[in-house]
Amino acid sequence: MDNLPEADDISTVIHDKIDTTAEAQMPLGYLIPVAWKSLADELVLQGVEIERVAQPVEQEFETYRFSNVKFAPNQFEGRVMVDFDVKPVKEKITLPAGSFWVPMKQQRARLILAMLEPQAPDSLARWGFCDQVFVGGGRGAEGAYLTEPIARRMMGDSPELRKQFEDRVAADPAFAADAQARLMWWYERSKYSAGEAGRYPVVRVWEKTW
């Protein structure tokens, strides 16, 4: 016992407070459109529980509109960070079958809030996962070129959306014969649609109606 070292008194600082830089009320959950599967994939990598929506959902949702968008001049950890202002809005939005339901009644609710609320310091939007919203889809030659690979990828990601498309083709001969109309069907449901420009694709849900 005589060989035990003497105790040392060390002064330290305990940080028991957090400075709030952004805040948001926690909803019942979030809906992520099927075209934005990349956002859902990032949540799943963090252990977040996600469900698929079996049918289209159309109603007035809460989301955000972006303004004053500024991209960082250099990459950070392989991504270009984005700064912006956000304005809460309520808009009538249709989310296709196969979209992703993220309930907040789960262990990682605070992490979900930090990743999906765009104004949060480390949100997916700030880390450059929503750049298509900021730059817009664009129609014309580039948009026409992009539609086919977009359609094929979405068809593989969403069996539900594929079934809706195949049902439309079977029921509408004019649609089935019009290659551009078929491509535009997918384009209008993709994250490149011009109507989505400036609007955050994820919506906040306060009451589950489906």
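What follows is a chat between a student and a tutor about a predicted model of a protein chain.

Student: Let's start with the overall layout. How many helices and strands does the protein chain have?
Tutor: Walk along from the N terminus and the elements run β-α-β-β-β-β-α-α-α-α-α-α-β. Tally up the two kinds of element and you get seven helices and six strands.

Student: What share of the residues is buried?
Tutor: A residue counts as buried when its relative accessible area is under 20%. The protein chain has 210 residues, and the buried share of them is 39%.

Student: Now the rings. What kind of aromatic pair do F66 and Y200 form?
Tutor: Seven aromatic pairs turn up in the whole structure. For F66 and Y200, the centres are 5.8 Å apart and the planes meet at 85°. Planes over 60 degrees apart count as edge-to-face, so this pair is edge-to-face.

Student: How many residues apart are F66 and Y200?
Tutor: F66 belongs to strand β3, while Y200 is in the loop between α7 and β6. Their pair links distant parts of the chain, and the separation is 134 residues.

Student: Are F66 and Y200 buried or exposed?
Tutor: Check each against the cut-off for buried, which is under 20%. F66 has a relative accessible area of 10%, and Y200 has 2%. Both values are under the cut-off, so F66 and Y200 are buried.

Student: Which residues do ring pairs link into a cluster with F66?
Tutor: We've already met one partner, since F66 pairs with Y200. Ring pairs bring other residues into that cluster too, and with F66 in it, the other members are Y64, F84 and Y200.

Student: What sits over the ring of F84?
Tutor: F84 is part of that ring cluster, but a charge is involved here as well. At 4.5 Å from the centre of its ring there is the charged end of R126.

Student: And what is the angle between the ring planes of F165 and F175?
Tutor: F165 is in helix α5 and F175 is in helix α6, 10 residues apart. Both of them are buried, and R168 lies over the face of F175. The ring centres of F165 and F175 are 6.0 Å apart, and the pair is edge-to-face because the planes are at 75°.

Student: Let's try a charged residue. Is E91 buried or exposed?
Tutor: E91 is in strand β4. Beyond its neighbours within four places in sequence, E91 is in contact with several residues, including Q59, R65 and R199. Its relative accessible area is 18%, and the cut-off is under 20%, so E91 is buried.

Student: What about salt bridges? Which residue forms one with D41?
Tutor: Side chains of opposite charge can pair when their charged atoms come close. The partner of D41 is four residues away in helix α1, about one turn of the helix. The closest N and O atoms are 3.1 Å apart, and that partner is K37.

Student: How far apart are the closest N and O atoms of E166 and R162?
Tutor: E166 and R162 are about one helical turn apart because they are four residues apart in helix α5. Both count as partly exposed, with E166 at 40% and R162 at 38%. Their salt bridge has its closest N and O atoms at 3.0 Å.

Student: Last one: which elements do the buried residues of α2 pack against?
Tutor: Helix α2 covers residues 109-116, and I112 and L113 are among its buried residues. Those buried residues pack against three elements, namely β1, α1 and β5.

Conventions
Residues numbered from 1 in each chain as written. Predicted model: local features only at pLDDT ≥ 70, side-chain atom pairs only at ≥ 80, totals over all residues. Heavy atoms only, no water. Phe/Tyr/Trp six-rings, centres within 6.5 Å; stacked < 30°, edge-to-face > 60°. Buried < 20%, exposed > 50% of the residue type's maximum accessible area, 1.4 Å probe, protein only. Lys NZ or Arg CZ within 6 Å of the ring centre and 35° of its normal. Contact = heavy atoms within 4.5 Å. Salt bridge = Lys/Arg side-chain N within 4 Å of Asp/Glu carboxyl O.
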